Amino acid sequence: MAGDPYAVPAVPQAPDGSVAPGAAGVPDKPPSTGADGDGGDTLVSITDLKVHFPITSGVIVQRKVGAVRAVDGLSFDVLRGETLGLVGESGCGKSTTGRAILQLEKLTAGQVFYEGADLARLHGGALRRQRRRMQMIFQDPYASLNSRMSLGHIVGEPLLVHNLRPRGEREDRVKELLNLVGINPNTINRYPHEFSGGQRQRIGIARALAVEPNFIVCDEPISALDVSIRAQIINLLQALQRSFGLTYLFIAHDLSVVRHISDRVAVMYLGRIVELAANHELYGEPFHPYTQALLSAVPIPDPLVEERRRPVVLAGDVPSPASPPSGCHFHTRCPAAQKGLCDVDDPVLREIRPGHFAACHLVSAADYPKIRSAEDRAAAAGTAAAGQTTPGGDAS
Amino acid sequence: MSPKLPPDELIPDYRSDLAHDGERRLEPEFEVVLEDEGRHSIDGLVTSELISAEAYGEWLPEAEIIETRGTWSQVWRRFRKDKFAVAGLVVVALLIIVAVGAPWLAPHNPLTQYDSGLTAKGQPVAPNRHFWLGTDLLGRDMLSRLMYGARVSLVIGVLANGFALLLGVIFGILAGYFRGWLETLIMRATDVMLAFPIFLLAIALSSSISHPGIWVLVVVIGIVYWAPMTRVIHGEVLSIREKEFVMAARLTGCTNRRILTNHILPHLVAPIIVYTSLGIATTVLLEAGLSFIGLGVQPPTPSWGQMIADGQQYYTSALWLTLFPGLCIMITVLAFNLVGDGLRDAFDPQQRRR
């Protein structure tokens, strides 16, 4: 690891990152100073982010007949140097959120501030330069590398595009990057098909690192990999984070992995964040009924504990994001939903405890215990919703 | 720990069975070589040590790199298995040799009217030792004319397809990559084009030009065939632009131009090759049709369609006048179609079973 290639980029981007972007004035926005007093420096700030995909009909004139609300009003901050986990079922808008932050999807509404600059207003060259600091690691290592380009070109292209190194030094830099992610630098002339899934994912990471980013969206980076390879990639990501002070938005549906890697975790349901809290808070004491159900579904690698685990089985399927339910999006499946409240009023994301946000009418700082007892009553009455044991509440 | 599991423990049941017939022992198919604390692995089979190892900072040894074949050699391997396609390829190769080498290979001049090529009554001569495939109504050697006719067919086939392809790739990329109103415009225009009877359109176009010739045919056929080509390229671009490597390219700061040339165009090569070879077959047929009704290649330049037209009245008395050019057209079209189908299957083996 001689000649740390990252010595330059990590710091100098900081100078006037102090422009408070959250000042846009949306009420239900969790303040950036959250979690564990980590310094609380906001790197990326998302305000009321909406991404709707229009449903059109018509042959020549396209009429808009509806919209799939993939992301429907998200507000959260990503703090410098943290790993923010983003979990939820498939189709809840996790990946769309990640792409929208990087401006790969057209925003329907909302702002994405990166160090104070609103990315949605940037175009062309300005966006290209700004986006250099934000990269993505993709889910499918077989689709994320251009099969017609050699490793040298794949990892070297970003250097060329941004003119980051003089021509003569580019190859050395590519080798350095490959070495960094654990790929033999002598394979620079080989093509992606000559590598395994895990190695390809490493190459993808090297490509992302080539532009010296501060912020990386990891879009389910290990879901497509063999179980045996996953730990390696996670370790690599963590090591890189330590070395270069990277900030991650880690999108996954594997709760255990998110628990392992994240500092804070946001839970999404149907295009909205239902709960956001520090890792140990969320896993230890989930407030939102959806989070509780999600966590109860995680198997526990201990036969004795596993036997006693009673998962909360949610009734029905996820409603279509094209016509989300009224009020709280979750009320159609929520075991604790109250008629006249949950199906009418849209809950906002409120800070229940310092740094612990939840969007639920039934949870508040004062009456937090109520939901538990309500649920217990339901369990006692023999309703479908079984009682809730918080899994792994004992472990770390 | 010993990484190489003893066969006895692996498969005790088989061992006892197999002991009877000879000394055959089942060895494990792989051998995990453990050097420097178990970092080696073979073909994705990773030893448990590797999982816990902090892989960061040390690259995995070369042994782990999976040697697989490149796209092209895989395509060739699959193509080779298709006997019909290989036969088609041989025929196409022969056609090209004949077309290119016509001036040297042809036994006679295709335009010379030989005295010996007509009987005393002025009728064409049947195939014989001197004129292998007989002569035509003017006493010209059929074989030589057919060989020169191959030139015309192939030149028009390749050029017209190249022209259609050029238009198709430009329009297809514009529509597929940039989307928006441009896409609506282009794709609706192709719908209109595809709704036209192609042959009728070609007749109308070429009859409106006073001096039809090879170049006119190339342009006419190109104009007629841009629509299906655009369709194909548009669909391909639509699927490629959503691939993750294109997103990655956009993220790392590539301009649209760079994305198109470095990331999208190379992936269009396969469909372009396939549809060109299929397109040449249809073009040869269209050219023959136009020449047959006198709107294509003008005499005295020999063309297969025109030769059939000349000899059609005499098919009872002089069958060779129509039979051989007809066979030539059939074989050429068949060969290109076989090659095209074979290539399509070779490029995309999953699509094979419809």
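**Helix packing and sheet architecture in the predicted model**

In chain B, helices α9(B) and α11(B) cross in the right-handed sense. This comes from a predicted model, and the helix pair makes a convenient place to start. Helix α11 of chain B covers residues 256-292, and its axis lies 10 Å from that of α9(B), at an angle of about 155°. Because an angle over 145 degrees counts as roughly antiparallel, α9(B) is roughly antiparallel to α11(B). On the α9(B) side, the contact draws on B:Leu217, B:Ile221, B:Tyr225, B:Met229, B:Val232, B:Ile233, B:Glu236, B:Val237, B:Ile240 and B:Arg241. Facing them from α11(B) are B:Ile264, B:His267, B:Leu268, B:Pro271, B:Tyr275, B:Gly279, B:Thr283, B:Leu286, B:Glu287 and B:Leu290. By residue class, this contact holds 14 nonpolar, 3 polar and 3 charged residues. A general point helps in reading such lists: an α-helix has 3.6 residues a turn, so residues three or four places apart point the same way.

Helix α9 of chain B, which spans residues 214-241, also packs against helix α7 of chain B, residues 180-195. Here the angle is about 140° and the axes are 9 Å apart. The two helices, α7(B) and α9(B), are therefore oblique to each other, and their crossing is left-handed. The contact brings together B:Ile186, B:Met187, B:Thr190, B:Met193 and B:Leu194 from α7(B) with B:Ala227, B:Pro228, B:Thr230, B:Arg231 and B:His234 from α9(B). Its residues comprise 6 nonpolar, 3 polar and 1 charged.

Turning to chain A, the secondary structure consists of 11 helices and 12 strands. The chain has 396 residues, of which 48% count as buried. Among its contacts with a separation of 6 or more, 64% link residues 24 or more positions apart.

An open sheet of 8 strands in chain A follows the order β6-β7-β8-β3-β9-β10-β12-β11, with mixed pairing. Strands β6 and β11 (350-353) of chain A are at the edges with a single partner strand each, so each has one side without a neighbour in the sheet. From one strand to the next, the twist averages 25°.

Within this sheet, β7 of chain A (residues 215-219) has 5 of its 5 residues buried, so the strand is largely enclosed by the rest of the structure. The burial involves both faces of β7(A): A:Phe215, A:Val217 and A:Asp219 lie on one side, with A:Ile216 and A:Cys218 on the other. Strand β6 of chain A (residues 134-137) pairs with β7(A) in the parallel sense through 4 bridges, and A:Met134 has A:Phe215 as its bridge partner. With β8 of chain A (residues 247-251), β7(A) forms 5 bridges, again in the parallel sense; A:Ile216 stands opposite A:Tyr248 in this pairing. Helix α5 of chain A (residues 197-210) lies across β6 and β7 of that chain, running at about 175° to β6(A).

Elsewhere in the sheet, β9(A) and β10(A) run antiparallel and are joined by 6 bridges, with A:Met268 opposite A:Ile273 of β10(A). Helix α9(A) packs on the sheet at this point, touching β9 and β10 of chain A, and its direction makes about 105° with that of β9(A). This helix, residues 289-296, has 8 of its 8 residues buried, so the rest of the structure largely encloses it. The buried set includes A:Pro289, A:Tyr290, A:Gln292 and A:Leu295. Besides β9 (264-269) and β10 (272-278), the buried residues of α9(A) pack against α7 (255-261) and α8 (279-284) of chain A.

Chain A also contains an open sheet of 4 strands in the order β2-β1-β4-β5, with antiparallel pairing. At its edges are β2 (63-79) and β5 (117-118) of chain A, each of which pairs on one side only. Strand β4 of chain A (residues 109-114) runs antiparallel to β5(A) and is joined to it by 2 bridges; across this pairing, A:Phe113 stands opposite A:Asp118. Helix α1 of chain A (residues 94-101) lies across β1 (42-57), β2 and β4 of chain A, running at about 115° to β1(A).

Terms used
Residues are numbered from 1 along each chain as its sequence is written. Chains are lettered from A and ligands numbered from 1 in the order in which they are written. This is a predicted model: local features need pLDDT of at least 70, side-chain atom pairs count only at pLDDT 80 or more; totals for chains, interfaces and linings use all residues. Axes are lines fitted to C-alpha atoms, for helices over the stretch in contact, and angles run from 0 to 180 degrees between N-to-C directions. Angles under 35 degrees count as roughly parallel, over 145 as roughly antiparallel, 65 to 115 as roughly perpendicular and the rest as oblique. A crossing is left-handed if the near helix is turned anticlockwise from the far one by less than a right angle, and right-handed if clockwise. Two residues are in contact if their C-beta atoms, placed from the backbone, lie within 7 Å. Ala, Val, Leu, Ile, Met, Phe, Trp, Tyr, Cys and Pro count as nonpolar, Asp, Glu, Lys and Arg as charged, and the others, Gly among them, as polar. Two strands pair if DSSP finds at least two bridges between them. A residue is buried if 20 or more other C-beta atoms lie within 10 Å of its own, exposed if 12 or fewer, and partly exposed in between; C-beta atoms are placed from the backbone.
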